[in-house]
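Please look over the sequence and the 3D structure shown here. Then read on for a guided walk through the fold.

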Amino acid sequence: MTLLRKLSLMVIATLAISSVFAESYNGSSPSRCEPEPPACEKTCEQPTCPTMSAYSHPAGIDVCGSWDFYVTGTFLWWQPIQEQMEYAETSFTNSSLLIGTLHDFSFDWKAGFKVGLGYNFGYDDWNAYIQYTRMNTTITNSKTVGTQTNEVLNDLWLLQENGTTANKVTSKWGLDFNVFDLEFARPYYSGKELTVTPHYGLHGGWIDQSNAITKETITTLSILLGDYSSDSWFVGPRAGFNTNWNIGEGFRFFGNAAASLFYQKFNNVKLRVPLITPLTTGIWYNTRNYVSRNVNASLDMILGLGW
């Protein structure tokens, strides 16, 4: 009896302890019940001062142990074009309507050239470059009266005699084009295969023109001549950029653009044309001479493939 009572008390005590343990810990580990610590706030460190300047790798010509001079040359095949160069008209005398044709000047392709001289400075890979562009040419157009009934040919430049029509009108245009461009630049690589050259400088030069008009008349069987000419010089600032897109094996696409604003003075603007009514026999020409000043702008753009 005593032994049985002792065993019963031991079982009851064990169950009580187990209940207390289950109530205190609820069957879980104390480490899992603790709330997780708050996440650490991210802090941004202040950037340190750069130890070297940002630098675009130079793309200029650098000859080791020598002066960095270089020369360039370009052959040009250009078509010079100028507005308001109509030189003759065809009309019909029996028409009540103004029916006719204006004969515009036809501009041919002509040869020209560019030559340049450059130098690379040791200071931050800057360079200087001067380029000369020249085209000296003449272009001739002519028109002969047609064979249609009542067809009449007139010139548009001479002061004609009343009723004087033409059998043939000829226009000979002369152009002497000379331009200098001075550039200060720094060519550099943007990536591994693209070079960019921003530049700033001066644009100047001179342009001389002439236009000789010859009119062979029908009624008087004579030839009337007219001469027009102008000489001009100009100078002003110019800025732009040049790019080379290297595609391998020495080949490249290039694209250049530049704009300039310049002062231009026209000297010796001369007109020598026949008078409508001659003052004296043999005096058939009226000569004028004047000067003009202007501020003009120009835009140069070029795209191409080079090697």
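The paragraphs below go from the overall fold to the core, a pocket and a few single residues.

This is a predicted model. The chain has 307 residues, and 29% of them count as buried. Its secondary structure comes to 2 helices and 12 strands. Trace the sequence and the order reads α-α-β-β-β-β-β-β-β-β-β-β-β-β. How much of the contact total comes from residues 24 or more positions apart? Among contacts with a separation of 6 or more, such pairs account for 71%.

Now turn to the nonpolar interior. The largest nonpolar core holds 16 residues. Phe105, Phe107, Leu153, Val169 and Trp173 touch the most other members of this core. Strand E7, residues 166-185, supplies the largest share, with 5 residues. Apart from this core lies another, made of 5 residues. Leu158, Ile213, Leu224 and Val273 are among the members of that other core.

Trp173 deserves a look of its own. Which residues does Trp173 contact once its neighbours within four places in sequence are left aside? Two of its partners from the core list are Phe105 and Phe107. Trp173 also contacts Pro80, Gln82, Met85, Thr137, Thr138, Ile139, Gln209, Ser210 and Asn211.

Next comes a pocket. The second largest pocket encloses about 460 Å³ of space. Its lining has 18 residues, and those closest to its centre are Gln82, Trp157, Tyr228, Ser230 and Val269. Gln82 therefore appears twice on this tour, as it is also a contact of Trp173. Four strands each supply at least two lining residues: E9 (194-217), E10 (223-248), E11 (251-274) and E12 (285-306). Which strand gives the most to this lining? That is E11, with 4 residues. By type, the lining divides into 8 nonpolar, 8 polar and 2 charged residues.

Stay with strand E11 for Ser260, which has its place there. Is Ser260 buried or exposed? Its relative accessibility is 5%, so Ser260 counts as buried; the cut-off for buried is under 20%. The side chain of Ser260 makes a polar contact of 2.5 Å with the side chain of Ser298. Not counting residues up to four places away in sequence, Ser260 touches His203, Pro237, Arg238, Asn296, Ala297 and Ser298.

Compare Glu216, in strand E9. Glu216 is partly exposed, with a relative accessible area of 30%. Glu216 and Lys168 are 48 residues apart in sequence, yet 5.3 Å apart in space from C-alpha to C-alpha. Lys168 is one of the contacts of Glu216 beyond four places in sequence. The others are Thr165, Ala166, Asn167, Ser222 and Ile223.

Finish with the backbone. Most residues other than glycine have a negative phi. Gln84 has a positive phi of about 55° although it is not a glycine. Where does Gln84 lie? Gln84 sits in the loop between strand E1 (69-78) and strand E2 (88-92). Gln84 is exposed, with a relative accessible area of 69%. Asn268 also has a positive phi, near 55°. Asn268 is found in strand E11, and it is partly exposed at a relative accessible area of 36%.

Notes:
Residues numbered from 1 in each chain as written. Predicted model: local features only at pLDDT ≥ 70, side-chain atom pairs only at ≥ 80, totals over all residues. Heavy atoms only, no water. Core = buried A, V, L, I, M, F, W, Y, C linked by side-chain atoms within 4.5 Å. Buried < 20%, exposed > 50% of the residue type's maximum accessible area, 1.4 Å probe, protein only. Contact = heavy atoms within 4.5 Å. 1 Å grid on protein atoms, 1.4 Å probe; cavity = no way out; pocket = protein on both sides within 12 Å on 5 of 7 lines; lining within 4 Å. Points joined across faces, edges and corners; volume = space filled by probe spheres on them. Nonpolar A, V, L, I, M, F, W, Y, C, P; charged D, E, K, R; others polar. Polar contact = N/O pair within 3.5 Å; in protein donor to acceptor, adjacent residues only side chain to side chain.
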